[in-house]
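Biologist: Could you walk me through this one? I'd like to hear the reasoning behind each label.

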Amino acid sequence: MNVGRPLLRAGSASQEGYAPELLYATFNQDYGCFAIGTQNGFRIFNSDPYKEKMRREFKDGGIGIVAMLYRSNYLAFVGGGRNPRFPPNKVMLWDDASSKIIAELEFRSDVLNLQLQRDRIVVTLRNKCIICSLEAKPRHLHAFETSDNDRGAMAISSSSESGILAFPGRQKGHIQIVDLHSCVSLMSAQESVPTLAAHAETAAARSAGAGGVQRSRSRNRGSFSTDSNGIQAAAQVGAVTHPTNINIIAAHATAVSALAVSSDGTMVASASEKGTLIRIFDTMSGRLLHELRRGVDRADIYSIAFSPDSTRLCVSSDKGTVHIFNLEAKHNSAQSLSPGASVSTSSGGGAGTGGGSNRGGNRHSNFKFMKDLLPKYFSSEWSFAHFRIANEVRCICGFGNERNSVIVLCADGTAQKYTFDSYRGNCVREWYRRFI
């Protein structure tokens, strides 16, 4: 996410504490690595154990968005900062093995978000989500219109066996779910197999547990541009594909601000600009599975992340807290707590007062048995664990390589690891590192 200094506006948070050179931070698909964009380049780190793996510095500008492809040498960039290295409406595909740009994609408006997945590049513009092939000469595959999406909300499943993409629908508060594996190409399926995807998957397999960034060789550089409707130049229109499985979910009453898709693509989590509830839906049926309450006051949700096994969810917000929810079947031993009860932490407390243990499950209101008579507030689930970061700046969260651990990347240039007790929810900060 964009972790640069927030724009000054009435009632906005102070800019104190933000690392001036940091523009962007993101995890790779399994949270094993993270990448940052800076005013003069980019860096890649191993998440846990923490270690800087590489850095590249440019003399002529900064990187405002960076996306990793597992642990391979392929990354995608968008320029940013005081002096952007690339235009904000261009996506540049970088091969670190040769230290050069091998492909570029140009759009008529600024790129707000970018994700790589197996054989595809997914790009979010303010009113459009565009899918392209991941190869030396990228081809436009499809474009979807969205409601106003100034945050660039979009998420895609990380497993190579799944191709579930989620982004805002045309109506405010709606989510579109697209199964990319159901796309039927007008061209031969064999013609559309990307060279880079095979390299990336092989590299990802080699790097499992290796803690390194793998390298493979690329081919020639290619490019294409799109018109204002996101349609590719006429020379490659024949590559457009048509999805056969699109679900629309009416998730919120206000605009969608954050999205996450589980690794296997079976669940999608969403938050609205109100930021009080996280709703989790089945991606195939659209059925509501969980309604999780972050709090009562409005909040800006910075990130949502599923654990690799899809049994936990962590959420960070501008309240300076990270909440952890349990998505497993309800525990028979779960103890109901009042909405104001808090899970104790070693980092300064959480979003409430009081105390109590949750015995491994999410907290519920004591009045849940009257949910048909009382407002929905009383039927929500609260996090079973939460902690407060030291400096209330923008941050994103992801799960560590230990089951009960969370890694937090903060806009003050620090990475932090927390562990939590899955039975009582107590949280402890294990380490704190400055990466810029």
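Biologist: What share of the contacts with a separation of 6 or more comes from residues 24 or more positions apart?

Modeller: In this predicted model, residues 24 or more positions apart account for 52% of those contacts. A pair goes into that tally if its heavy atoms are within 4.5 Å. As for secondary structure, the protein comes to one helix and 33 strands, and buried residues make up 58% of its 436 residues.

Biologist: What makes you call strand β1 largely enclosed by the rest of the structure?

Modeller: Six of the six residues of β1 (residues 22-27) are buried, so the strand earns that description. For each residue, buried means under 20% relative accessible area.

Biologist: How do you know that β1 and β2 pair?

Modeller: Pairing takes at least two bridges, and β1 and β2 have five, in the antiparallel sense. One of the residues to look at is Ala 25, whose bridge partner in β2 is Ile 36. Between the strands of this hairpin there are five residues, and Tyr 31 takes a positive phi near 65° there.

Biologist: Why are Phe 34 and Tyr 50 called a stacked aromatic pair?

Modeller: Two values decide that. The structure holds 16 aromatic pairs, and in this one the rings are 6.5 Å centre to centre with 25° between the planes. The limits are centres within 6.5 Å and planes under 30 degrees apart, so the pair counts as stacked. It also links distant parts of the chain: Phe 34 is in strand β2 (residues 33-38) and Tyr 50 in the loop between β3 (41-46) and β4 (51-57), 16 residues apart.

Biologist: Why is Phe 34 called buried, and why is Tyr 50 called partly exposed?

Modeller: Phe 34 has a relative accessible area of 0%, and buried means under 20%. Tyr 50 comes out at 22%, in the range between the 20% and 50% cut-offs, so the label is partly exposed.

Biologist: And what makes the pair of Tyr 50 and Trp 431 tilted?

Modeller: The angle does: there are 50° between the planes, with 6.0 Å centre to centre. Stacked needs under 30 degrees and edge-to-face over 60, so that angle falls under tilted. Here the link runs from the loop between β3 and β4 to strand β33 (residues 427-434), 381 residues apart. Trp 431 counts as buried at 13% relative accessibility. Ring pairs link Phe 27, Tyr 31, Phe 34, Phe 45, Tyr 50, Trp 431 and Phe 435 into a cluster.

Biologist: Which peptide bond in that β3-β4 loop is cis?

Modeller: The one from Asp 48 to Pro 49, with omega near 5°. Pro 49 lies in the loop between β3 and β4.

Biologist: How do you know that Arg 85 lies over the face of Phe 58?

Modeller: Arg 85 is at 4.1 Å from the ring centre, and the distance limit is 6 Å. The call also requires a position within 35 degrees of the ring normal.

Biologist: What makes β9 and β12 edge strands?

Modeller: Start with the order of the open sheet, which is β9-β10-β11-β12 with antiparallel pairing. β9 (113-117) and β12 (140-145) each have a single partner strand, so one side of each is left without a neighbour in the sheet. The twist averages 15° from one strand to the next. β12 pairs with β11 (residues 128-133) over five bridges, and one of the bridge pairs is Cys 132 with His 140.

Biologist: Why is Glu 135 called buried, and what does its side chain contact?

Modeller: Glu 135 has 11% relative accessibility, and the cut-off is under 20%. The residue lies in the loop between β11 and β12. Its side chain makes a polar contact of 2.5 Å with that of Ser 133 and another of 2.8 Å with that of Arg 139; the limit for such contacts is 3.5 Å.

Biologist: What is notable about phi in Tyr 70 and Ser 310?

Modeller: Tyr 70 has a positive phi of about 55° although it is not a glycine, and Ser 310 has a positive value near 65°. Tyr 70 lies in the loop between β5 (62-68) and β6 (74-80), Ser 310 in the loop between β24 (301-306) and β25 (312-317). Tyr 70 is buried at 13%, and Ser 310 is buried at 11%.

Terms used
Residues are numbered from 1 along each chain as its sequence is written. This is a predicted model: local features need pLDDT of at least 70, side-chain atom pairs count only at pLDDT 80 or more; totals for chains, interfaces and linings use all residues. Side-chain values use heavy atoms; hydrogens and water are left out. Helices (H or I, at least four residues) and strands (E, at least two) are DSSP runs, numbered from the N terminus. Buried means under 20% relative accessible area, exposed over 50%, partly exposed in between (1.4 Å probe, protein chains only). Axes are lines fitted to C-alpha atoms, for helices over the stretch in contact, and angles run from 0 to 180 degrees between N-to-C directions. A polar contact is a pair of N or O atoms within 3.5 Å; within protein, one must be able to donate a hydrogen and the other to accept it, and residues adjacent in sequence count only if both atoms are side-chain atoms.
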